[in-house]
Amino acid sequence: MSAHKSDAVIIGGGIIGTACGYYLSQKGLKVAIVEQGYLCSGSTGRCIGGIRQQFTSSGSIKLMMESVRHFQNMEQELGTDVHWHNGGYLFLAHSPEKKQAFLSNIAVQQAAGLKDVRWVDADECREIAPGMDAAGLLGGSYCPSDGQAYPFAVVQGYAGKIKQSGGSIHTFSKVSQILQQGGKVTGVKTDSGREFSAGVVINAAGPWSKDVGQMAGIEIPVEAERHEALITEGVEYLNIPMLVDYRADGGYFQQYKHNGQFIGCYSPVPNVPGHSVDSTFEFLHQMPKRMLKLVPGLKDLKVIRQWAGSYENTPDGNPILDRTGLEGFYTVAGMCGHGFMLGPAMGRVAADLIFSGGRDMPYPEFALKRDFSQAEAMK
Amino acid sequence: MANNTDKIVCRCEDITESEVLAAIEQGATTADEVKRLTRAGMGHCQGRTCRRLVNQMLARALGQKPETQRPITQRAPLQPLTLKALAEYKES
Ligand SMILES: Cc1cc2nc3c(=O)[nH]c(=O)nc-3n(C[C@H](O)[C@H](O)[C@H](O)COP(=O)(O)OP(=O)(O)OC[C@H]3O[C@@H](n4cnc5c(N)ncnc54)[C@H](O)[C@@H]3O)c2cc1C
Ligand code: FES
């Protein structure tokens, strides 16, 4: 079997792999995506589609502002309706400490250029999220230009463009070896023995990026962690933004404008490390409880499905976007549960870095070898 | 795209035969992929009505027997349940 030849091989067909592939193919590179399952079979197909710019590192805020600009134009750019809707995000503060933290975050966000984020008091929260029970609420951090989109459509849109530009997508092809010669990457080999040769290889394997790094002897500090989610039947759009309740018994959920379904999740305590995507009854009981505590009027809404997926965490909550010790081998991974929203901007920045030969690191805070002790607070 | 003579395959999500065929043409080889490309199987009944039809279409297109096609992943709850019922459920 002769090797498949391209300019760049991307390991992983999630949002990060396809976004990188799209921007590289826009620059004229021939791209091959090699995916062990099918497109969106990893985390991307399991996420809840939320898109926010409210972060605390100025790199993430700026990247997310760029991502939002891409999402806004995506229907035109990709020729696919990606269900973009700027329904906003409302982070709720039930304690003076949270309020203080949000107030200082808002200052950082505004300084980074996010002008429409603001503090809203409890009465205004009630107006922004009709039907919300504001008991004990001091107010919230609200950004109306945050939003939502449909992950499957975004990935398909990117994949379609990659194919249109002469690239190819290889599903059910698991990479098991990174090929190299004289300190330079030369391609990958799959477990069926097929070779894909290219001078650039991108590790966009999300929760599996550590394993893929190890194939080249490179340590990528990304750990998988299980998160569960559920979705309800669709009802009339109620104009409630994404509600984020960081209390121990809180959660986050939003309603899709496109079809009226509510979708949500919460971060389990203690966390559940590993690649398991088993779902639990505990979640199916807890999540509705948490949703009804915030919006009691949803009580008759029916849950139609639950599932689980993986976050891909780094020690400090920021992504890794960097070259590695092996020339031509890049890592774009460890999105820490924000990869869908970061995807478009990450793909663009990664493509620029790779196209320029990987010399100028665009975001030092995302370097592979960094001090991981400064945590992103709005993780 | 849907037209008037197109048969409905997934009633819950209003997905037609030609939309499923388009997904297969795009490269889908499993029902889970068809589901992600078209939403057939993501509806209220969780594919109880459409999954057989999707598998038959896949098998025909790929020259396989329908029973060799893996059905879409089924997930809890098996029937839609209200948020209230789930929130109030107590294990006895
Ligand atoms: C419940 C839940 C809710 C979430 N909600 C949001 C949200 O609202 N907003 C948001 O922005 N993010 C959210 N996320 C996070 C988001 O889903 C991820 O950050 C994002 O999908 C990561 O994308 P990725 O492309 O890096 O990884 P993935 O989508 O996992 O893609 C990596 C791909 O690599 C493939 N792969 C792995 N190893 C190999 C190999 N050896 N060979 C070939 N292929 C391989 C995998 O099969 C996989 O398809 C959520 C996640 C979960 C689980
Ligand atoms: S008929 Fe397809 S999900 Fe119900």
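Here is a walk through this structure, starting at the ligand and ending with a few backbone oddities. Keep in mind that the model is predicted.

Let's begin with ligand 1. There are 40 residues around ligand 1, and the closest of them are A:Glu35, A:Thr44, A:Glu312, A:Gly339 and A:Met341. If you sort that shell by class, you get 18 nonpolar, 18 polar and 4 charged residues.

Now zoom in on some oxygen atoms of the ligand and look for backbone partners. A polar backbone atom of A:Met341 sits 2.7 Å from a ligand oxygen. With A:Ser43, the distance between a polar backbone atom and an oxygen of ligand 1 is 2.8 Å. Next door in your search, a backbone N or O atom of A:Gly42 is 3.4 Å from an oxygen atom of the ligand. How much of the 990 Å² of accessible area that ligand 1 has on its own does the protein cover? The protein covers 99% of that area.

Which elements give two or more residues to this shell? In chain A they are helix α1 (15-26), helix α6 (209-215), strand β14 (223-234), strand β18 (302-313) and helix α8 (339-355). The largest share belongs to β18(A), which gives 4 residues.

Stay with α8(A) for a moment, as it also packs against another helix. Helix α2 of chain A, residues 58-78, meets α8(A) at an angle of about 95 degrees, and the two axes are 8 Å apart. Angles from 65 to 115 degrees count as roughly perpendicular, so α2(A) is roughly perpendicular to α8(A). On the α2(A) side, the residues in contact are A:Leu63, A:Met64, A:Glu66, A:Ser67, A:His70, A:Phe71 and A:Met74. Their partners in α8(A) include A:Phe340, A:Met341, A:Pro344 and A:Arg348. You've met A:Met341 already: it is one of the closest residues to ligand 1. By class, the residues of this helix contact divide into 11 nonpolar, 3 polar and 2 charged.

Over to chain B. Its secondary structure comes to 4 helices and 3 strands, and reading along the sequence gives you the pattern β-β-α-α-α-β-α. The C-alpha trace of chain B spans about 50 × 30 × 20 Å along its principal axes.

Finally, the backbone oddities. Most peptide bonds are trans, and most residues other than glycine have a negative phi. In chain A, the peptide bond from A:Val269 to A:Pro270 is cis, with omega near -5 degrees. You can find A:Pro270 in the loop between β17 (261-265) and α7 (281-294) of chain A. Chain B has a cis bond too, from B:Ala76 to B:Pro77, with omega near -10 degrees. Look for B:Pro77 in the loop between α3 (51-62) and β3 (81-82) of chain B. And the phi angle? A:Phe172, which is not a glycine, has a positive phi, near 50 degrees. A:Phe172 is in the loop between β9 (168-170) and β10 (175-181) of chain A.

How values were computed
Residues are numbered from 1 along each chain as its sequence is written. Chains are lettered from A and ligands numbered from 1 in the order in which they are written. This is a predicted model: local features need pLDDT of at least 70, side-chain atom pairs count only at pLDDT 80 or more; totals for chains, interfaces and linings use all residues. Side-chain values use heavy atoms; hydrogens and water are left out. A residue is near a molecule or strand if one of its heavy atoms lies within 4 Å of it. A polar contact is a pair of N or O atoms within 3.5 Å; within protein, one must be able to donate a hydrogen and the other to accept it, and residues adjacent in sequence count only if both atoms are side-chain atoms. Accessible areas come from the Shrake-Rupley method with a 1.4 Å probe; for residues, only the protein chains shown count as cover. Ala, Val, Leu, Ile, Met, Phe, Trp, Tyr, Cys and Pro count as nonpolar, Asp, Glu, Lys and Arg as charged, and the others, Gly among them, as polar. Axes are lines fitted to C-alpha atoms, for helices over the stretch in contact, and angles run from 0 to 180 degrees between N-to-C directions. Angles under 35 degrees count as roughly parallel, over 145 as roughly antiparallel, 65 to 115 as roughly perpendicular and the rest as oblique. Contact means heavy atoms within 4.5 Å.
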